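Please open the model in your viewer and keep the selection tool at hand. The stops below are meant to be taken in order.

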Amino acid sequence: MAAATRCSKVGLALAGGGPVGGIYEVGAMAALAEALDGVDFSAFDIYVGVSSGAFISAAVANGLGPATLARMLVENDTDEVFDPEMLLRPAFGEYFRRALSLPVLFWSSLRQYLSDPWHLRFVEAFQGLSHAIPAGVFNSAGIDQLLRKLFSTGGRCNDFRQLKHRLFIVATDLDTGESVAFGSPGHDDVPISVAVQASAALPGLFPPVRIGERYFVDGALIKTLHASVALHEGADLVICLNPLVPFDARLAAQRPPQEKPTSAPAHLVDGGLPVVLAQTFRAIIHSRMRTGMDRYRLEFAGKDVILFEPTRDDAAMFFTNVFSYRGRSRLCEHAYQRTRSDLYRRRHELRPILERHGIHLNLGVLKDHSRSLLSRKRRPDLASSASALDSSLRDLEVWLQTRRA
């Protein structure tokens with residue numbers, strides 16, 4: 001970051017959203033890095049990450065810039081690519097530990113029931129068996145293992161205290177409901193990889209992560225973005241990315257016919273329980289985030305917070321499963337192009353804000369519609385496609401003439 005470093009302290013805050021959210025954030029950052037002159041995403045003063053945003057912010061703070069991360073996702077040309085299978089390994093250790101407690105819980109419940117069978121309901125007596133239900137379905141230890149490997153090479157490190165820039169990974173203390181920013185004084189001796197694992201421990205899917213004598217779960221339980229962490233650390237400008245927004249089916253239906261989403265039902269209820277729950281979850285966290293953004297304006301007057309997120313009619317983001325990784329190239333490119341469009345649409349609003357911090361919006365880059373994250377070998381070859389179509393039409397014409405003869 002050239003000019004911006006001399007003028008202002010700049011922070012980056014990334015929200016969660018599963019693998020899809022992380023992919024969106026990489027594509028969006030790649031667009032921002034190209035279009036914002038005076039910005040180096042690997043040299044921000046402060047980084048804050050929650051859940052999957054913790055994964056991405058830790059990587060960027062370690063020198064893996066948006067272009068590198070995008071290439072890892074789109075080109076798949078390196079062994080450092082995130083492997084989604086590591087998030088789908090059963091938590092056998094958790095299953096075994098809970099199973100061992102089952103006999104004791106059963107006999108305790110049975111004794112309780114037999115002590116007063118006439119007044120104590122059977123279900124009430126045996127509700128203690130619920131303690132044997134695993135606290136998570138999948139094992140998230142792969143996150144720690146992957147990041148330990150990633151941060152052990154290339155001049156990177158797995159220690160908050162050795163980073164050139166401040167990094168904060170936010171998780172929630174399960175026993176108190178308190179948000180803890182790992183990387184802050186008193187919480188900076190935890191390996192970055194373990195902090196990310198804790199921040200991404202979505203309750204129900206992954207068991208809480210034990211750090212010392214405390215257990216931690218997903219950092220998004222309390223707040224969506226935690227941009228206030230960067231503001232409290234003295235950031236003058238915080239760039240925020242949030243990949244999850246509620247979907248507006250009516251707004252999507254008003255788009256031109258060629259742009260209307262084919263995957264979107266007329267009413268979200270037609271998509272069944274998964275779609276209903278996705279809309280509910282996104283509406284809750286988005287409303288909470290908006291409340292936080294309004295509070296930042298009052299509490300941190302004179303500071304600037306800029307938010308980038310998908311539009312409410314973005315069916316590609318809403319109807320893609322948050323744990324999907326298969327279509328990462330398409331989704332990363334989608335986020336890249338949508339963010340470019342968003343920057344151009346908001347150019348009059350954003351330009352004076354950015355220039356206060358020594359950052360300039362490059363309209364020439366935004367007007368260059370040939371830009372893409374996809375390499376030439378992945379882009380459609382229009383000339384060869386037209387040639388193939390022309391050849392096929394000639395073959396069809398010859399075949400029709402033969403049939404007539």
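Begin by selecting Arg 346, which is buried because its relative accessible area is 12%, where buried means under 20% relative accessible area, exposed over 50% and partly exposed in between, computed with a 1.4 Å probe and protein chains only. This is a predicted model, in which local features need pLDDT of at least 70 and side-chain atom pairs count only at pLDDT 80 or more, while totals for chains, interfaces and linings use all residues. Residues are numbered from 1 along each chain as its sequence is written, and side-chain values use heavy atoms, with hydrogens and water left out.

Add Glu 349 to the selection: Glu 349 and Arg 346 form a salt bridge whose closest N and O atoms are 3.5 Å apart, a salt bridge being a side-chain nitrogen of Lys or Arg within 4 Å of a carboxyl oxygen of Asp or Glu. Glu 349 counts as partly exposed, because its relative accessibility is 44%. Extend the selection to Asp 342 and Arg 345, which are linked with Arg 346 and Glu 349 in a network of salt bridges.

The structure holds 18 salt bridges, and another to display is the one between Glu 34 and Arg 371, with the closest N and O atoms 3.6 Å apart. This pair links distant parts of the chain, 337 residues apart, with Glu 34 in helix α2 and Arg 371 in the loop between α15 (363–367) and α16 (382–404); helices (H or I, at least four residues) and strands (E, at least two) are DSSP runs, numbered from the N terminus. Glu 34 is partly exposed at 28% relative accessibility, and Arg 371 is partly exposed at 29%.

Go next to Asp 173 and Arg 214, whose side chains meet in a salt bridge at 2.6 Å, N to O. Here, too, distant parts of the chain are linked, since Asp 173 lies in strand β4 (residues 166–173) and Arg 214 in strand β7 (residues 214–217), 41 residues apart. Asp 173 is buried, with a relative accessible area of 2%, whereas Arg 214 is partly exposed at 28%.

Which residues touch the most other members of the largest nonpolar core? Select Leu 36, Leu 167, Phe 182, Val 196 and Leu 343, which do so among its 77 residues; helix α2 (residues 18–35) gives the most to this core, with 10 residues. A nonpolar core is a set of buried Ala, Val, Leu, Ile, Met, Phe, Trp, Tyr and Cys residues joined through side-chain atoms within 4.5 Å. A second, separate core of 21 residues includes Ala 181, Val 229, Leu 231 and Tyr 296.

Tyr 296 is also one of the buried residues of α11, so helix α11 (residues 272–299) makes a suitable next selection. The buried residues of α11 pack against α9 (227–232), β9 (304–308) and α12 (315–318), contact meaning heavy atoms within 4.5 Å. Val 276 lies in this helix and counts as partly exposed at 33% relative accessibility.

Finish at Ala 201, in the loop between α8 (192–199) and β6 (209–211), which counts as buried because its relative accessibility is 0%. Ala 201 and Val 217 are 16 residues apart in sequence and 4.7 Å apart in space, C-alpha to C-alpha. Leaving aside residues up to four places away in sequence, Ala 201 touches Phe 206, Pro 207, Val 209, Phe 216, Val 217 and Asp 218.
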